[in-house]
Amino acid sequence: MSHRIITWLVRILIAFDNPHIHTRMPVIGGINFPVQTQGRCWELLIRSISTPPGYPWLAEAIEAGFLHCVLKSAAENRNLKHVKIFLSSILPFGFISSSVLTQLKTGLIQDLADSPQLTASSSFELWKGVASVANTRIAVLDAWETAGRHSSLACDNMQCGRIEAKRKFKCCAGCRGANYCSAECQSVDWQDGHQLVCDDLRAVRFRYPELVHPRERSFMHALTHHDYQCFLFQISFEQVMFMRDHPGDDLIVVFDYTKATGVEFKVDPRARLPGNADLAAELPVQWVRHARSGGRMGLHVMFVGEACECKARLFLLRASSAVFQFGLKVLARSTMFPPDSADEQLHDKHGVSALIEKTKGRFTEIH
Ligand SMILES: [Zn+2]
Ligand SMILES: [Zn+2]
């Protein structure tokens, strides 16, 4: 489907909402549109923007004024079924995309929240919930755009781990997935194990080309990073509990972005990861890097909604020091969190919160 068709569909819907042509068929580009067209347009729009990869179309529909159509319909109690589908499932899945949030940012959220028509409508509560999640994500988007100009990386030579501005690094020409501060570091890392994963990493990139634009992927990474820091205490606590109950097992932090209410996270065994083909190919390779990092790298999976499907994407987050991860392991083995401890004892000031406090200055997560 051509991109421009989305804009056309929205223009037709807007024409139907124009009070001056209420009794006539709207004429757009010399074509008359009968009233039944309105329902068809809604269905076509909803169907196309919920098809992977629907986020470019969602952004385009918002830009063309679709949100105003949706909320006008809601205020007048028309097309409510479609309005609810849009507000509760389609719009929230776009909140992990920078292009959708950029469109929402341009005053739409505030303008619409102040509309008296909308405030009186039955969908107002739904809109309020959605708008509050959108506002949080827009704040992350702003921070990401500001930081993007001088974002930092860590040298992939695990013995070096130097952190510098992105532009100071050169990446491996084979896989383009490893970054080094110098030729010496690249050669050390090659001997140290990168030669074992370089081909596989390259194969993953070429065999499973992302449906998602690299800019969107980078924003998803920033979002995971932001949420990780917001929920650091809870996630670390879950990690300690996991390590206590499954000593020696591999764990993975899962962020679920398929809920309209925001993000939910949990700590899971690596083995329980549901697969999509590209994740199944990427996971063993990234796991080797994770294992070599000595606790500096954490594997994070985000579940994202793409139409009716739920996809999993893998992200590596790396800390500037391994002290924190090491501390979590020590806590898990300590007697501070015995297997039968009651909930109120779990928030021990000498436990996870104290560790976070102690390592604060030395614990920076980078991409
Ligand atoms: Zn280096
Ligand atoms: Zn490589």
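Begin by selecting Ser236, Gln239, Val240, Met243 and Arg244 in helix 12 together with Leu328, Lys329, Leu331 and Ala332 in helix 14, because the two groups meet there, their C-beta atoms lying within the 7 Å that counts as contact. The residues of this contact divide into five nonpolar, two polar and two charged. Keep in mind throughout that the model is predicted.

Now widen the selection to both helices, residues 232-245 for helix 12 and residues 323-333 for helix 14, and look at how they pack: the angle is about 50° and the axes are 8 Å apart. That angle makes helix 12 oblique to helix 14, and the crossing in which helix 12 passes helix 14 is right-handed.

Stay with helix 12 and hide its partner for a moment. From its first C-alpha to its last, this helix of 14 residues reaches 20 Å, which is close to the 20 Å expected at 1.5 Å a residue. Which residues of helix 12 are buried? Colour Ile235, Ser236, Phe237, Gln239, Val240, Phe242 and Met243, which are the buried residues of the helix. To see what surrounds them, bring back helix 14 and add helix 11 (214-230), strand 7 (251-256), strand 8 (264-269) and helix 16 (352-359), since the buried residues of helix 12 pack against these elements.

The next stop is a second helix pair, helix 2 (residues 37-49) and helix 3 (residues 55-63), whose axes come within 8 Å and cross at roughly 140°. Helix 2 and helix 3 are therefore oblique to each other. Select Leu45, Ser48 and Ile49 in helix 2, and you will find that they meet Trp57, Leu58 and Ala61 in helix 3. Here the contact residues divide into five nonpolar, one polar and no charged.

Move on to helix 10 (residues 183-207) and pick out Val197, which is found in this helix. Is Val197 buried or exposed? Val197 counts as buried because it has 20 C-beta neighbours inside 10 Å. If its neighbours within four places in sequence are left aside, Val197 is in contact with Val285, Val288 and Arg289. A distance drawn from the C-alpha of Val197 to the C-alpha of Gln286 should read 8.6 Å, although the two residues are 89 residues apart in sequence.

Two loop residues deserve a look at their backbone angles. The first selection is Asn77, in the loop between helix 4 (66-75) and helix 5 (80-93). Its phi is near 55°, a positive value in a residue other than glycine, and Asn77 counts as exposed because it has 11 C-beta neighbours inside 10 Å. The second selection is Arg176, which is found in the loop between strand 5 (170-171) and strand 6 (179-180). Phi of Arg176 is near 60°, again a positive value in a residue other than glycine, and Arg176 is exposed, with 12 other C-beta atoms within 10 Å.

To finish, zoom out to the whole protein, whose secondary structure comes to 16 helices and eleven strands. How many of the 367 residues count as buried? The share is 32% of them. Of the contacts in the protein with a separation of 6 or more, 69% are accounted for by residues 24 or more positions apart.

Technical notes. Residues numbered from 1 in each chain as written. Chains lettered and ligands numbered in written order. Predicted model: local features only at pLDDT ≥ 70, side-chain atom pairs only at ≥ 80, totals over all residues. Helix = DSSP H or I, 4+ residues; strand = E, 2+ residues; numbered from the N terminus. Axes fitted to C-alpha atoms, helices over the stretch in contact; angles between N-to-C directions. Parallel < 35°, antiparallel > 145°, perpendicular 65-115°, else oblique. Left-handed = near helix turned anticlockwise from the far one by under 90°. Nonpolar A, V, L, I, M, F, W, Y, C, P; charged D, E, K, R; others polar. Expected span 1.5 Å × (residues − 1).
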